[in-house]
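Please open the model in your viewer and keep the sequence panel beside it, since each stop below names a selection and then says what is found there.

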Amino acid sequence: MPSPRSTSALRLLWLDVLATLAWGVLLLRFWLTGRINVLLHPDYVWLAIAAGIALVGLGGVKLMDVMQLTRSRQPLPQVLHINFFPPGWGSALMLAVALFGLQFTPRAFASQVALDRGVTDTLTMTRSQPQSFRANVRTEDKSLVDWVRTLNVYPEPDAYTGQSAKIEGFAIHTAKLPDNYLTLARFVITCCAADTYPVGLPIKLATSRTAYPQDQWFRVEGTMITETVAGMRQLVVQSKSLTKISEPKNPYDS
Amino acid sequence: MVQWNSVLTLFFSLLVEAMPFLLLGVLFSSVLLMFVDERRLIAAVPKNALLAALLGSSIGFLFPVCECGNVPVARRLLVQGAPPAMAIGYLLAAPTVNPIVFWATWIAFRDQPELVFLRVGFSLLIAVIVACVFSTQADLRPLLQPAVARAMPATRGQKPKQNRADNPGADLLQSGTFLLGKAGAPLRLDGGGMQAAALVSNPVLAKPLPEKLRLMLDNMMQELRELGGILILGAAIASVLQVAIPREAVLSLGQGQITSILAMMVLAWVVSICSTVDSFFALSFASTFTSGSLLAFLVFGPMIDLKNIALLLSVFKGRAIAYIFILAAQLTFVLTLLVNLYVS
């Protein structure tokens, strides 16, 4: 049965349309600005793009409907709802979050999150277990994450002593390491930013680490050595050179 | 400030990952609502309670709806004379045992494929067990809301033949017959059921196509705003919890074989996140919680949660909901504890 025509019912319809359009625009904007790489694994970006296009399409069709309804004097269709939110709240919430998202720039996780989550050179029991790893002949082609995966399979540090390394990541000043060490870390992503976890390796520097600020990205070239640092015998990179690099377009490794 | 940015980045990452799946779920549920007549399916249900429960638990593959969409469908099934075992099997399993949820879970947990299969397996098992328990009650009506009970067929057991010509949505439901492995004669419950079907069956099916498409879009918008709102609340809770709770506290809770399962079940119940996207929510706990507890979240949440209790009350009396809740909770706990102890 059609409900009596009222401005509040019309307002609810407009709210739905705006919320849908805003979400479509938000998803497409994250993609076009490249910030979607901070949020998602690259494999799933297309899903977000498709959803963005679909939402803009759906919102567009409904926009025409609502404009027609606004102009005409037809009775408004009855608005059903599942009784979880009072009418209008669901859309208002979606619209508010989308508008906030449009002016928010997501930033890749850095040292603070890494320290909170605990940087390790091991993958603990409950972490997702990688099903493959690349066995490179040239050790300097191994990325930081490759090194950590290799260490997980065969953790004896002496096995790698003397091998050359060239790895990239951001710097963390871990309190338990002496002043001439820093941790070079990267986040690994499986699906979205919610499941990223940090891995890292200690880097032995020639000088104090104060010259190498936290969160700055570096390319480290050096040689693998075995040392006992912070009471633990582990694999350490003896650095020959540290080069400042800019944050990669895709900040997480997968 | 850095923490605040992390919370927001997490929040938007969960939403951006979940939104496509929410949209897909809403699309499927709307298409099926508009084009499928579930009376066809009821006609093909076997008498055996176990088989009916199994069938009911598997039709999520045809009606891939999450736990908000399935309550109205289950109600229509009951009123149209579906055996209780089938309706309850459907109610509990459909939000999990369906292709969209399977795909979403696969994307979230592709590194732990056993979780994906165990989720489907456990959901089926629990749904079938609870459905069989309920089927021992010969007359379900004392457990239902009076309005639903009155609309149900007066007697069960008579299954006279019905014509199948009045069915516009036949194609998809052919698979329902196929699912049974035998193309039995289409049977339909008679008596009060027909009258009730006229009252509660899907009135949209008789409408012309343009009208149906318009109603489908309306339904999509409606589900999107309800479920989108809940998704936003769920994502907010998940991202704040992940950043705000001290890591040691989370780890001590999350690494305990029993505490982790209990914590995730409570969380699933409170957060009420849609089953299409709950695997992404669970993913944010994947590094700190045991596999069994993640499974408990994924199995228990879609069956019964804070949000759909309101919906369930439109079908069942409180007593029946309490039975379903207790049975489902205990079975989830025992099964996932076995996973924690013996599998992972």
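## The helical part of chain A

Begin by selecting H1(A), whose 26 residues at 1.5 Å a residue should span 38 Å, and whose end C-alpha atoms lie 37 Å apart, so that the expected and the modelled span agree. This is a predicted model, and every value in the tour is computed from it. Just after H1(A), select Gly34(A), which has a positive phi near 80°.

Now colour chain A by secondary structure: six helices and five strands should appear, and from the N terminus on they run α-α-α-α-α-α-β-β-β-β-β. Of the 254 residues in chain A, 37% are buried. Among the contacts of chain A with a separation of 6 or more, 74% are between residues 24 or more positions apart.

## Where chain A touches chain B

Next, show both chains and select the residues in contact between them, which are 55 residues from chain A and 45 residues from chain B. On the side of chain A that touches chain B, at least two residues each come from helix H1 (7-32), helix H2 (36-39), helix H3 (45-71), helix H4 (89-102) and helix H5 (111-117) of chain A. Which helix gives the largest share of that side of chain A? H3(A) does, with nine residues. Coloured by residue class, the side of chain A that touches chain B shows 36 nonpolar, 12 polar and seven charged residues.

## The barrel and its helix

Move on to the strands of chain A, five of which close into a barrel in the order E1-E2-E3-E5-E4, with mixed pairing. From one strand to the next the twist averages 60°. To inspect one of the pairings, select strand E1 (residues 164-172) and strand E4 (residues 217-229) of chain A, which are antiparallel and joined over seven bridges. Within this pair, Phe170(A) has Trp217(A) of E4(A) as its bridge partner.

Then add helix H6 (residues 144-153) of chain A, which lies across E1, strand E2 (181-188), strand E3 (197-204) and strand E5 (232-245) of chain A, and runs at about 95° to E3(A). Display the side chains of Leu144(A), Trp147(A), Val148(A) and Leu151(A), which are buried residues of H6(A). Why do these four sit on the same side of H6(A)? They do so because the arc they cover around the axis is only 95°. An α-helix has 3.6 residues a turn, so residues three or four places apart point the same way. The buried residues of H6(A) pack against E1, E2, E3 and E5 of chain A.

Before leaving chain A, go to the loop between E3 and E4 of chain A, where Asp215(A) is placed. Asp215(A) has a positive phi of about 75°, although it is not a glycine. Because 17 other C-beta atoms lie within 10 Å, Asp215(A) counts as partly exposed.

## A last stop in chain B

Finally, select helix H16 (residues 306-312) of chain B and centre the view on Ile309(B), which is found there. With 15 other C-beta atoms within 10 Å, Ile309(B) is partly exposed. Apart from neighbours within four places in sequence, Ile309(B) is in contact with Ile304(B) and Ile321(B). Add Val71(B) to the selection: Ile309(B) and Val71(B) are 238 residues apart in sequence, whereas their C-alpha atoms are 9.9 Å apart in space.

Definitions and conventions:
Residues numbered from 1 in each chain as written. Chains lettered and ligands numbered in written order. Predicted model: local features only at pLDDT ≥ 70, side-chain atom pairs only at ≥ 80, totals over all residues. Contact = placed C-beta atoms within 7 Å. Nonpolar A, V, L, I, M, F, W, Y, C, P; charged D, E, K, R; others polar. Pairing = 2+ DSSP bridges. Axes fitted to C-alpha atoms, helices over the stretch in contact; angles between N-to-C directions. Buried ≥ 20, exposed ≤ 12 C-beta atoms within 10 Å, placed from the backbone. Arc of directions from axis to C-beta. Expected span 1.5 Å × (residues − 1).
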